[in-house]
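I opened this entry to log what I looked up, item by item. Strand pairing, burial, salt bridges and the domain contact were on my list.

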Amino acid sequence: MKIAVGVATCGRKAILASMIDRLAAQARKPDHLFLCPTKDDDIDMARLNSAPFPVTILSSPQGSCPQRNAIIDAAVGIDVVVFFDDDFFPATNYLAETEALFEADEDIVVATGEVVRDGILGPGLTADEADAALAADATPFPAPTIEATHNAYGCNMIFRRKAMLANGIYFDEDLPLYAWQEDVDLCRRLRPFGKIVRFNRLRGVHLGVKAGRTSGLRLGYSQVANPLYLVKKRSVSLKWALKLMGGNIASNVVGSVNPPPYIDRRGRLQGNLLAVSHLLSGSLDPKYINRM
């Protein structure tokens, strides 16, 4: 089996270099690493010279969807593509467990793992904190449990490439920039062609680095526009979308009273309200954030 790791990156040169160091420590090395930055300075070229696997640097329009699609097209001869966020540190057995999982069950088209600690829920984690969380993981090799799941978590998503190509299923480039909920959309469109699973022996830490993320205003708009767009294209249910939107809007309303410094709750709420106004006027469009 040929396994590639793909990383779409933007403005996180130092943490990307640290993540590549963790890839080099994998018990089962990737057969190829594909990097798709938004600009040349996103990558520490000197650090790549010592990588113990082939590396290809790609170019595409900015946005997680076109960047990942460029990786899918470039991964000729690859069976499984593992998409890591540039701030995700996998446990050293992650790729070995990926290979075992996809070889054991050819019906699996998407898999995702257990996030031991997620810095997205707070101010973010340092590389040292992420390494400590992995070292302290009490169950790095738990009894294997494979569970059906609604979708993969965007920071660690594994796809069987032939299932995507055979059915012409790519990331939706009408979800621009940060492309919020693009992981859900792609997974639900792949669901008719195989299993989507969570495997508890795929473990890692998501640092949740705040640099390089979209603005609160843009994200707030996407929190309303993107789920409704997915409802319109029938990749998700209205019930799912309303629950997601309601939870986010409520969090932004409450959080705007005394917002933490690492989350722009007021910007997100402003974006929510702008999207609702566009919904009422019939002009709601995920691509509107390109004009903000």
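**Salt bridges across the chain**

I began with D131 and R22, whose side chains meet in a salt bridge at 2.4 Å, N to O. The two ends are distant in the chain: D131 belongs to helix 5 (residues 127-135) and R22 to helix 1 (residues 13-24), with their positions 109 residues apart. I noted that this is a predicted model, and that side-chain atom pairs count only at pLDDT 80 or more. I then checked the burial of D131, which counts as partly exposed because its relative accessibility is 28%, and the bounds for that class are 20% and 50%.

Next I took R68 and E182. Their side chains form a salt bridge of 2.5 Å, N to O. R68 sits in helix 3 and E182 in helix 7, 114 residues apart. Is this pair buried or exposed? I found R68 buried, and E182 buried as well.

The third pair I looked up was E97 with R201, a salt bridge at 3.2 Å, N to O. E97 is in helix 4 (residues 94-104) and R201 is in strand 9, so the pair ties together parts that lie 104 residues apart in sequence. E97 has 12% relative accessibility and therefore counts as buried. R201 is buried too, at a relative accessible area of 17%.

I also followed shared partners: salt bridges join D172, D185, R189 and K233 into one network. For the record, a search of the whole structure gives 17 salt bridges.

**Helix 3**

R68 led me back to helix 3. How many of the 11 residues of helix 3 (residues 64-74) are buried? I got nine, so the helix is largely enclosed by the rest of the structure. I listed the buried residues as S64, C65, P66, Q67, R68, N69, A70, I71 and I72.

I then asked what these residues pack against. On the strand side I found strand 1 (3-9), strand 2 (32-37), strand 4 (80-84) and strand 8 (156-160). Helix 6 (161-166) and helix 7 (182-190) are the helices that the buried residues pack against. Helix 7 is also where E182, the salt-bridge partner of R68, is placed.

**Strand 9**

R201 sent me to strand 9 (residues 195-206). I found 10 of its 12 residues buried, so the strand is largely enclosed by the rest of the structure.

I went through its pairings one at a time. Strand 6 (residues 108-118) runs parallel to strand 9, and eight bridges join them. Strand 5 (residues 88-90) runs antiparallel to strand 9, with three bridges. Strand 7 (residues 146-148) also pairs with strand 9 in the antiparallel sense, over three bridges.

For individual positions I noted three partners. D118 stands opposite H206 in strand 9. F88 stands opposite H206 as well. A148 has V197 as its bridge partner in strand 9.

**D118**

D118 came up in the pairing, and I looked at this residue separately. Its place is in strand 6. At 18% relative accessibility D118 counts as buried, because the cut-off for buried is under 20%.

What does the side chain of D118 reach? I recorded the backbone nitrogen of I120, at 3.1 Å. The D118 side chain also makes a polar contact with the side chain of Y153, at 2.6 Å. Leaving out residues up to four places away in sequence, D118 touches Y153 and H206.

**Domain contact**

The last item was the domain split. The domain assignment gives domain 1 (1-204) and domain 2 (214-288). The contact takes 16 residues from domain 1 and 18 residues from domain 2. I noted 26 Å between the C-alpha centres of domain 1 and domain 2.

How much area is buried between domain 1 and domain 2? The value is about 1,400 Å², and carbon and sulfur atoms give 69% of that area. I counted two salt bridges between the domains, together with five residue pairs in polar contact.

I looked up D185 again here, since D185 belongs to the network logged above. D185 forms a salt bridge with K233, with the closest N and O atoms 3.2 Å apart.

Note on methods:
Residues numbered from 1 in each chain as written. Predicted model: local features only at pLDDT ≥ 70, side-chain atom pairs only at ≥ 80, totals over all residues. Heavy atoms only, no water. Buried < 20%, exposed > 50% of the residue type's maximum accessible area, 1.4 Å probe, protein only. Helix = DSSP H or I, 4+ residues; strand = E, 2+ residues; numbered from the N terminus. Pairing = 2+ DSSP bridges. Contact = heavy atoms within 4.5 Å. Domains from an automatic or database assignment. Buried area = accessible area lost by both parts, 1.4 Å probe. Salt bridge = Lys/Arg side-chain N within 4 Å of Asp/Glu carboxyl O. Polar contact = N/O pair within 3.5 Å; in protein donor to acceptor, adjacent residues only side chain to side chain.
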